[in-house]
Each structure stands twice: as structure tokens, then as C-alpha cells.
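User: I should like to learn how to read helices and salt bridges in a model of this kind. Please take me through the features one at a time.

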Amino acid sequence: MDLKSLIREIPDFPKPGIVFRDITTLLRDPEGLRYTIDFFAQQCLNNGLNADYVVGMESRGFIFGSPLAYKLGAGFIPARKKGKLPAAVHSVEYDLEYGTDSLEVHQDALPPGSRVLIVDDLIATGGTASATAKLVEKIGCELLGFGFIIELRDLQGRKYLPDVPIISLIEY
């Protein structure tokens with residue numbers, strides 16, 4: 001299936017010169033969504049990414065991470081923005097273009113030694129994915145790899161990630 005044909009391109013969003021890759025058109029297509037999750041799971045298994053847990057980054061990582069975890073027989077853990085989780089958390093702060101942000105997971109979400117796959121819809125500069133990896137490693141888990149639906153190759157985000165397998169279903 002040609003997944004690129006299911007991704008809408010919106011020029012000059014959120015600012016002039018940017019081409020936004022909109023996944024909502026993929027999500028609304030039942031066959032495309034099913035194929036994406038099935039293909040994603042197969043790519044993970046082909047690369048030996050047999051995770052105990054899939055960590056999905058807020059918020060679009062939740063959309064793909066949950067069904068992927070189901071297909072892989074793994075648990076799903078949401079990595080949330082600061083202040084969104086009700087219980088005690090592990091946290092990591094990371095730099096943005098202008099300022100900082102942080103991600104959190106519940107302290108009881110990932111037992112140390114767990115094998116983890118980090119998932120998001122897109123990798124651009126790699127900042128959020130890199131921060132999530134630091135959070136997973138801070139907890140004492142084994143980072144197996146990363147999975148993304150879309151990779152924006154020109155932004156070279158993967159060079160900021162640890163040396164583990166990286167799966168991208170679509171590249172621009």
C-alpha cells in the first residue's frame with residue numbers, strides 16, 4: 001500500500017516554508033490504518049524489537065503506540081507532558097528551540113530491566129524522541145529501538161538518537 005498517498009500535505013503550516021504532513025487522512029482510512037499498524041508490527045518483529053512495553057509520546061504517539069503494543073503483545077506506556085499524570089512520576093527535561101519542556105511517566109509504569117520500544121508518528125529534529133530515550137534509560141530499562149510512521153530525513157533527527165534500530169515507514 002502507498003502510505004504516502006494517504007498523508008495530506010499542507011503547505012505553509014504552521015508557518016511559511018513548512019510543509020505539514022497531516023496524518024489525519026491516514027487515520028480516517030480504515031484499510032490504511034489497519035495496514036499501517038500491521039506493517040509497523042511486522043517491521044518491529046523483523047528487526048527483533050520484541051518489547052515488553054511500547055512507550056508512546058504525547059500525543060500522536062498514543063494513536064499508533066497503543067494498537068502497536070496490542071499487536072506485539074506488549075504493554076503501553078504514555079509519555080506525557082509535565083503535570084498530566086496523577087501519581088508520582090519520573091521526569092526528564094529537554095531543550096526546545098526557544099526554552100525547555102519535559103516528559104513524564106508514572107514511577108510504577110516501567111519496571112527496571114524492561115525492554116522498551118519508543119513510538120511516535122513523526123521524527124523531525126529528534127528532540128522529543130531523544131528525551132524519551134533518556135527517560136527510559138534513567139529508569140533502568142533497555143531501549144530496544146524507535147518506531148516512527150514518518151521520518152523527515154533532511155532534519156537529521158536520527159543522528160541525535162542512541163545507536164539502536166530505528167524504523168520509519170515513510171520518508172520525506
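User: What span should the 13 residues of helix α3 have, and how far apart are its end C-alpha atoms?

Analyst: Please bear in mind that this is a predicted model. The expected span is 1.5 Å times one less than the number of residues. For helix α3 (residues 60-72) this gives 18 Å, and the end C-alpha atoms lie 19 Å apart, which agrees. Just after α3, Gly 73 adopts a positive phi of about 70°.

User: Which residues of α3 are buried, and what covers them?

Analyst: The general idea comes from helix geometry. An α-helix has 3.6 residues a turn, so residues three or four places apart point the same way. In α3 the buried residues are Gly 61, Phe 64, Gly 65, Leu 68, Ala 69 and Leu 72. Their cover includes the helices α1 (24-27) and α2 (30-46), together with the strands β3 (53-57), β4 (75-81), β7 (115-123) and β8 (142-151).

User: Turning to charged side chains, how many salt bridges does a search of the whole structure find?

Analyst: The criterion is a side-chain nitrogen of Lys or Arg within 4 Å of a carboxyl oxygen of Asp or Glu. The search finds 10 salt bridges. One of them joins the side chains of Asp 22 and Arg 8, at 2.8 Å from N to O. Asp 22 belongs to strand β2 (residues 19-22) and Arg 8 to strand β1 (residues 8-11), so that this pair links distant parts of the chain, 14 residues apart.

User: Are Asp 22 and Arg 8 buried or exposed?

Analyst: Such a reading rests on relative accessible area, where buried means under 20% and exposed over 50%. Asp 22, at 8%, counts as buried, whereas Arg 8, at 38%, counts as partly exposed.

User: Which residue forms a salt bridge with Arg 21?

Analyst: The partner of Arg 21 is Glu 9, with the closest N and O atoms 2.6 Å apart. Because Arg 21 lies in strand β2 and Glu 9 in strand β1, the pair ties together parts that are 12 residues apart in sequence. Arg 21 counts as buried at 18% relative accessibility, while Glu 9, at 46%, counts as partly exposed.

User: Which residues do salt bridges with shared partners join into one network?

Analyst: One can begin with a single pair: Glu 151 and Arg 158 meet through their side chains in a salt bridge of 2.8 Å, N to O. Salt bridges that share partners join Glu 151, Arg 153, Arg 158 and Glu 171 into one network. Within it, Glu 151 is buried, with a relative accessible area of 3%, and Arg 158 is partly exposed, at 30%.

Technical notes
Residues numbered from 1 in each chain as written. Predicted model: local features only at pLDDT ≥ 70, side-chain atom pairs only at ≥ 80, totals over all residues. Heavy atoms only, no water. Helix = DSSP H or I, 4+ residues; strand = E, 2+ residues; numbered from the N terminus. Buried < 20%, exposed > 50% of the residue type's maximum accessible area, 1.4 Å probe, protein only. Contact = heavy atoms within 4.5 Å.
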